[in-house]
Amino acid sequence: MHELAITQSVVDMVVERTAGRRVGLVRLDVGALSGVVPDAMQFCYELLIDGTSLEGSTLVIEQTPGAAHCRTCGQDFALDDLILLCPCGSADVDLVAGRELRVLSVELEVESCA
């Protein structure tokens, strides 16, 4: 399950970049063609945040659908899998969306001055 290693990298990066401040929400963009299973990543996140500044935070995963552009006919089309074949029959296509894996935003918790 490579989601564990990927999620560990995300958690480590957010912890490092937020310098120990409490995190309330982490929003990710995971492409539908990235090979990452969002539910598995969610499960791993819950395991990995214990004892970190992300403990108690929420992970929100937005999934970008796959899309490609055909260099033969100029058509843009949706992709449900990595079979890069245009409806016109051409395999001369550019993958333009769906392989993303990026942190979109991190929301820090507001600390009270009590």
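Arg-102 counts as partly exposed, at 43% relative accessibility, where partly exposed means between the limits of buried, under 20% relative accessible area, and exposed, over 50% (1.4 Å probe, protein chains only). I should say early that this is a predicted model, in which local features need pLDDT of at least 70 and side-chain atom pairs count only at pLDDT 80 or more, while totals for chains, interfaces and linings use all residues. Residues are numbered from 1 along each chain as its sequence is written, and side-chain values use heavy atoms, with hydrogens and water left out.

The side chain of Arg-102 meets that of Asp-29 in a salt bridge of 2.8 Å, N to O, a salt bridge being a side-chain nitrogen of Lys or Arg within 4 Å of a carboxyl oxygen of Asp or Glu. This pair links Asp-29 in strand β1 with Arg-102 in strand β6, 73 residues apart, strands being DSSP runs of E of at least two residues, numbered from the N terminus. Asp-29, by contrast, is buried, with a relative accessible area of 4%.

Let me turn to the sheet. The order of its 3 strands is β2-β1-β6, in an open sheet with mixed pairing, and two strands pair if DSSP finds at least two bridges between them. Because β2 and β6 each have a single partner strand, they stand at the edges, and one side of each is left without a neighbour in the sheet.

Strands β1 and β2 run parallel and are joined by 7 bridges; one of the partners in β2 is Leu-59, which is matched with Val-26. Glu-62 and Arg-27 also meet in a salt bridge, at 3.3 Å, N to O, and this pair links strand β2 with strand β1, 35 residues apart.

Terms used:
Helix = DSSP H or I, 4+ residues; strand = E, 2+ residues; numbered from the N terminus.
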